[in-house]
Amino acid sequence: MKTASVIKCADQSPVTQEQLAQINRYSRRELTAQEVYVFSLILCDNEIDRDYERFTSHGLQKLSQLFLGKTGIFDHNPKGENQMSRIFATQVVEDTSRVTQIGEPYCALKAWAYMVRCEKNADLILEIDAGIKKEVSVGCSVERTECSVCGADIRAGACSHVVGKEYDGMLCHRILINPTDAYEWSFVAVPAQMSAGVVKGRLPSSSVPEGDLLKALDGSRDVTLTKGQVQRLKDHIHSLEGLAQAGEEHLLYLRKKAVAMSALALPGLDSKLVEEMVSPMDLAHLKKYVDGVCHTANQTLGLQTQFSSEIQGAPSQAVYDNHEFLI
Ligand SMILES: [Zn+2]
């Protein structure tokens, strides 16, 4: 979920005395600057994320306290040997040059973490330095989740608003109110494997919200459909098939007419050639072509055809009769 990444910056420079003092609050013995490796990361921000959820800036302030001392793990697997780094300082940073989708100043929760420089951690330190290990996600819980449109508490029962849809020009999303706990933060190689229940946002993202079916099937993720949603999709495909059949018939009719009217307007033109010419045309071009040859036929032969107006609608029996006659 939440955009979160390791920041590559001057934090890899020697550890400051202030940082060392903060780190030593969490260590059993006094660590020296040479023994620790420090890096910083963005844990989360107040932008609407891929799951259409966002923290408030107040929520980020709360999380900045909750994440102090929390260990970083891999793929949300809280086994002891996975706990390689610990957050020792946090700060909510504001970027005044940037506003969020809802027009608030952008702010993010930045954290500083330390690891012990040892053989076991050498590879990880190298990967962080090289920018390979940079995706992180956070696990936390919030007091309530509100609909951005009507303010309804989603856990108390969903409202009718659909996340990702716009209402009066505003993108509907969920607002995560008042974080109550931060479990951990994790380097994730494959975010889809994050364990549901611990990591906010993963479970709902795999199911498709009602009313937003086609939009959810954009191929960007795996989705789970209910039986009702499958039926709705089938009905939709069925109605499209009917429309496609009608469209095919209309195209066929227009092609025949194009050939017939070309024979009148341009008698020197081979009808086979006209057939080949019009067969790849889409509806708009075909209509224009038929309009054109009807017009020419009218002018050169003084025919009182009604075709121009009639081809806008469905073919009538009268047109078919005329068409047969013209051939
Ligand atoms: Zn709502």
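Both F88 and Y114 are buried, and they make a good place to start a walk through this predicted model.

**Aromatic contacts**

The rings of F88 and Y114 belong to a set of 3 aromatic pairs found in a search of the whole structure. A pair of aromatic rings is described by the distance of the centres and the angle of the planes. For F88 and Y114, the centres lie 6.1 Å apart and the planes meet at 55°, a tilted arrangement. This contact links distant parts of the chain, as F88 sits in strand β5 (residues 85–99) and Y114 in strand β6 (residues 105–116), 26 residues apart. Elsewhere, Y37, F39 and W185 are joined by ring pairs into a cluster.

**The zinc site**

Which residues hold the zinc ion? Its protein donors are C147, C150 and C159, each through SG, together with H161 through ND1, at 2.1 to 2.3 Å from the metal. Along the chain these donors are spaced as C-x2-C-x8-C-x1-H. The angles subtended by the 4 donor atoms run from 104 to 113°, and because four donors count as tetrahedral when all angles lie between 85 and 135 degrees, the arrangement around this zinc ion is tetrahedral.

Two of the cysteine donors can be set beside each other by their exposure. C147 is buried, its relative accessible area being 1%, whereas C150 is partly exposed at 41%. Away from the donor list, C118 is also partly exposed, with 33% relative accessibility. As for cysteine cross-links, the structure holds 0 disulfides.

**Helix α8**

Helix α8 covers residues 283–301, which is 19 residues, and spans 26 Å between its first and last C-alpha, close to the 27 Å expected at 1.5 Å a residue. Its buried residues are L286, Y289, V290, V293, C294 and A297. Viewed down the helix axis, these buried residues fall within an arc of 130°, so they line one face of α8. An α-helix has 3.6 residues a turn, so residues three or four places apart point the same way. On the face of α8 turned away from the buried side you will find the exposed residues K288 and Q299. Just after the helix comes G302, with a positive phi of about 65°.

**Backbone points to look at**

Most residues other than glycine have a negative phi, and most peptide bonds are trans. Against that background, D168 is worth a look: although not a glycine, D168 has a positive phi of about 50°. D168 lies in the loop between β8 (166–167) and β9 (170–171) and is exposed, with a relative accessible area of 83%. N178, likewise not a glycine, has a positive phi of about 50°, but N178 is found within strand β10 (residues 174–187).

The positive phi values mentioned here are gathered below.

| Residue | Phi |
|---|---|
| G302 | about 65° |
| D168 | about 50° |
| N178 | about 50° |

**Around S57**

One last stop is S57, in helix α2 (residues 57–66). Is S57 buried, partly exposed or exposed? With a relative accessibility of 35%, S57 counts as partly exposed, because that class lies between the 20% limit for buried and the 50% limit for exposed. The C-alpha atoms of S57 and L109 are 9.1 Å apart, while the two residues are separated by 52 residues along the chain.

Conventions. Residues are numbered from 1 along each chain as its sequence is written. This is a predicted model: local features need pLDDT of at least 70, side-chain atom pairs count only at pLDDT 80 or more; totals for chains, interfaces and linings use all residues. Side-chain values use heavy atoms; hydrogens and water are left out. Donors are N, O and S atoms within 2.8 Å of the metal (3.2 Å for Na, K and Ca); water is not among the atoms, so sites may look incomplete. Four donors count as tetrahedral if all angles lie between 85 and 135 degrees; four count as square planar and six as octahedral if opposite donors are over 155 degrees apart and all others between 65 and 115; anything else is irregular. Buried means under 20% relative accessible area, exposed over 50%, partly exposed in between (1.4 Å probe, protein chains only). Helices (H or I, at least four residues) and strands (E, at least two) are DSSP runs, numbered from the N terminus. The expected span of a helix is 1.5 Å times one less than its number of residues. The arc is that of the directions from the helix axis to the C-beta atoms. A disulfide is a pair of cysteine sulfur atoms within 2.5 Å. Rings of Phe, Tyr and Trp (its six-membered ring) pair if their centres lie within 6.5 Å; planes under 30 degrees apart count as stacked, over 60 as edge-to-face and the rest as tilted.
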